[in-house]
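Subject: Structure handover

Hi,

Here is the structure I promised to pass on. Please open it alongside this note.

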Amino acid sequence: MKLGRNDPCSCGSGKKYKNCCGGKAEFHPPHSSAPTADELNLLGALFNTARYADLESWARSLLKLYPDAGVVWKLFGLSLQMQGKDALPAMQKAAELLPNDAEAHGNLAAVQRACGQLEAAMQSGRRALQIRPNFAEAHNNLGVVLQDLGLLDEAIASYHRALQIRPDFAEVHNNLGGALKELGQFEAAMSCYRNALDIKPDFAKAHSNLGVVLRELGQHDEELERYRRALEIDPACSEALLGMGQLYLARGEIAEAEDLFQKALAIKPDDLEVRLLLAQVRKVKPGDENFVALVAADEMARRSASPMPLKKAIYLHFALGKSFDDIGDYDRAFPHFLEGCKLKRATFKYDAYQTSQQFNDIMRIFTPDTMAHLKGAGDLSSVPIFVLGMPRSGTTLVEQIIASHPEVYGAGELPGFMAIAQREVAGTDAGFPNNVTALDQADLTKRGTQYIAGLQARAPDSRHITDKMPANFLAIGLIHLMLPNAKIIHVNRNPIDTCLSCFMQLFSNNQEHTYDLLELGKYYADYARLMEHWRNVLPAGSFLDVQYENIVAEQETQSRRIINFCGLDWNDACLDFYKNKRLIGTASKAQVRQAIYNSSVERWRPYEKFLSPLLDALGHLAPTRN
């Protein structure tokens with residue numbers, strides 16, 4: 001409400017408004033070219049008391065009298081921003097009139113980011129820091145923009161500079177944790193979130209973010225506690241509802257997850273990440289409320305003069321792609337997947353040829369001579385069962401079959417083995433695979449024992465524990481040397497189906513090769529070359545090849561073959577794998593809650609006309625085309 005003439009003045013003088021700032025604002029000198037101190041004090045008082053509508057009204061009035069008053073434009077912009085209105089023109093005018101005001105440029109950067117103008121926001125943020133190098137808030141905000149642009153190393157550097165200036169800046173610790181989480185550095189991210197909470201115990205988003213990394217680290221009891229704590233502090237913390245919903249979804253509690261997603265959506269109706277999750281929970285049908293809302297959001301974005309923020313646009317296109325795919329409208333589905341992948345691909349740097357060189361390095365180093373020289377060491381534990389292969393190839397299904405055996409604990413995708421593989425050897429500065437040339441048998445045994453200790457900590461009483469990190473296929477030779485008694489199961493699927501399924505999936509971490517059809521095909525070809533290399537340099541029977549399509553066609557025969565390879569007696573629970581309520585955190589968590597189905601076989605056929613770059617890159621690996 002606007003201040004009445006007889007109301008106490010907002011500036012705190014104790015006088016009536018008409019006898020204080022109100023009267024002074026109304027009776028300014030007609031010859032003045034700039035607002036008076038009292039007029040500016042009034043605007044400041046309205047801002048400090050969060051009376052943004054009144055601030056907007058007074059600022060508009062003053063701008064008619066002082067159209068070049070940069071400070072008034074600055075406060076006017078803030079009044080609009082705080083009300084969720086279009087503040088961009090006002091912030092641009094303020095920055096133009098106040099070229100040496102760091103806050104004005106910082107405010108402009110924030111609004112540009114909200115409008116999806118990330119490059120412009122980065123420039124405005126850098127300008128703010130040119131003016132005031134020790135502006136901690138600007139370092140933080142620049143870090144957020146850089147993170148949005150996928151420039152994670154630069155974002156981390158900005159956060160560190162902010163913390164050098166203000167070590168107790170809880171929001172920066174939280175944002176730094178987010179950047180580290182995107183890099184897969186979950187332990188470091190957890191430390192950042194805990195630092196934020198040490199400074200600000202009632203920081204709801206930090207509790208929720210901590211829950212997310214605890215999920216990645218397998219600490220699900222505390223994960224749930226963190227979401228609950230966040231919601232105690234702020235019942236409208238949509239991030240906590242979203243995280244809790246994803247936890248329930250991973251547990252197979254579909255209805256509960258869907259309910260939490262709907263609650264999150266009620267708080268933020270335009271949250272397209274939630275709408276993507278709702279599209280993924282169940283098969284979409286024409287006329288579904290969520291589907292209708294997604295189509296409306298797309299139409300609104302096409303009509304808007306301002307681009308949709310990048311992350312929202314990515315969620316929108318993947319959600320629409322999934323929805324149109326579910327209803328069989330493939331010609332409308334694929335352009336959305338294509339656009340979503342194009343936008344996602346623009347957020348990071350990836351060099352397909354450098355990746356090919358890394359595959360070549362692995363094959364160059366793991367020769368028969370290397371294997372012979374280093375064999376005979378390692379940890380002799382038979383606990384691990386590795387399930388590996390390309391993402392979306394059926395690895396989750398195979399792990400679920402094995403983990404349904406009462407003597408097996410399914411641990412899911414664990415980062416532990418590759419983290420150990422990447423460790424430098426004393427006296428060198430090389431990671432995997434080049435560090436292998438500096439390893440000796442004692443190193444291999446030590447590293448194997450470290451891996452087993454971490455693995456067994458997850459389920460101390462289990463005879464076997466699965467590790468379903470697909471990318472472990474890169475290091476099958478090292479697994480064989482470090483853990484000679486481990487079981488290794490390689491899952492393969494039709495190459496085009498595998499690649500298309502990757503292309504249609506917005507992964508939570510990494511998988512940079514999956515967002516461009518040509519790059520995806522090149523990666524698959526490199527993967528196929530490497531798997532053939534492992535077959536040539538390792539002893540026969542070192543790992544079991546399993547074909548996804550064979551499991552679909554001959555479920556019991558193939559399941560018995562897998563269980564037998566693991567050295568286990570048969571158990572009928574392995575046929576009813578979909579009844580296993582263990583927690584599953586992969587992209588296939590919804591599919592493996594169902595009995596075997598064959599609709600994912602030859603999945604690529606309706607999309608064939610879109611897939612030329614992929615098919616060309618796969619070459620002879622691609623099945624016969626129509």
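Below is what turned up, region by region.

One caution first: this is a predicted model.

**The cavity**

The structure holds one cavity of 30 Å³ or more. Its volume is about 50 Å³. The residues around this largest cavity are Gly106, Ala109, Ala121, Gly125, Ala128, Ala138, Asn141, Leu142 and Val145. Three helices each give two or more residues to that lining: H6 (102–114), H7 (118–131) and H8 (136–148). H8 gives the most, with four residues. By class, the lining has six nonpolar residues, three polar and no charged.

**Asp101, in the loop before H6**

Asp101 sits in the loop between helix H5 (88–97) and H6. Is Asp101 buried or exposed? Its relative accessibility is 18%, and the cut-off for buried is under 20%, so Asp101 counts as buried. Its side chain reaches the backbone nitrogen of Ala104 at 3.0 Å. Leaving aside neighbours within four places in sequence, Asp101 is in contact with Lys74 and Ile131.

**The second largest pocket**

This pocket holds about 360 Å³ of space. Its lining has 17 residues. Nearest its centre lie Ala297, Met300, Ala301, Met308 and Lys312. Helices H16 (272–281) and H17 (289–303) are the elements that give two or more residues to the lining. H17 has the largest share, five residues. The lining divides into 12 nonpolar, two polar and three charged residues.

**The nonpolar cores**

The largest nonpolar core has 88 residues. Which of them have the most contacts inside it? They are Phe366, Phe417, Phe473, Leu478 and Trp534. Helix H27 (residues 517–537) gives the most to this core, with nine residues.

Phe417 is worth displaying with its partners. Not counting residues up to four places away in sequence, Phe417 touches Phe386, Tyr451, Asp467, Asn472, Ala475, Leu478, Ile479, Met482 and Leu483. Leu478, one of those partners, is also on the list of residues with the most contacts inside the core.

There is a second, separate core of 39 residues. Among its members are Leu146, Leu152, Ala155 and Leu210.

**Tyr524, in H27**

Tyr524 is found in helix H27. Its relative accessible area is 3%, so Tyr524 is buried. Where sequence neighbours up to four places away are not counted, Tyr524 touches Met390, Asn492, Arg493, Pro495, Thr498, Cys499, Leu618 and Leu621. Take Met390: it is 134 residues from Tyr524 along the chain, yet their C-alpha atoms are separated by 7.9 Å.

**Helix H22**

How many of the nine residues of helix H22 (residues 395–403) are buried? Nine of the nine are, so H22 is largely enclosed by the rest of the structure. The buried residues are Thr395, Thr396, Leu397, Val398, Glu399, Gln400, Ile401, Ile402 and Ala403. By class, Glu399 is charged, and Glu399 is among the buried residues here.

**To look at on screen**

- Cavity: start from H8, which gives four residues to the lining.
- Second largest pocket: start from H17, which gives five residues to the lining.
- Largest core: start from H27, which gives nine residues.
- Buried helix: display H22, residues 395–403.

Best wishes

Technical notes
Residues numbered from 1 in each chain as written. Predicted model: local features only at pLDDT ≥ 70, side-chain atom pairs only at ≥ 80, totals over all residues. Heavy atoms only, no water. 1 Å grid on protein atoms, 1.4 Å probe; cavity = no way out; pocket = protein on both sides within 12 Å on 5 of 7 lines; lining within 4 Å. Points joined across faces, edges and corners; volume = space filled by probe spheres on them. Core = buried A, V, L, I, M, F, W, Y, C linked by side-chain atoms within 4.5 Å. Buried < 20%, exposed > 50% of the residue type's maximum accessible area, 1.4 Å probe, protein only. Contact = heavy atoms within 4.5 Å. Polar contact = N/O pair within 3.5 Å; in protein donor to acceptor, adjacent residues only side chain to side chain.
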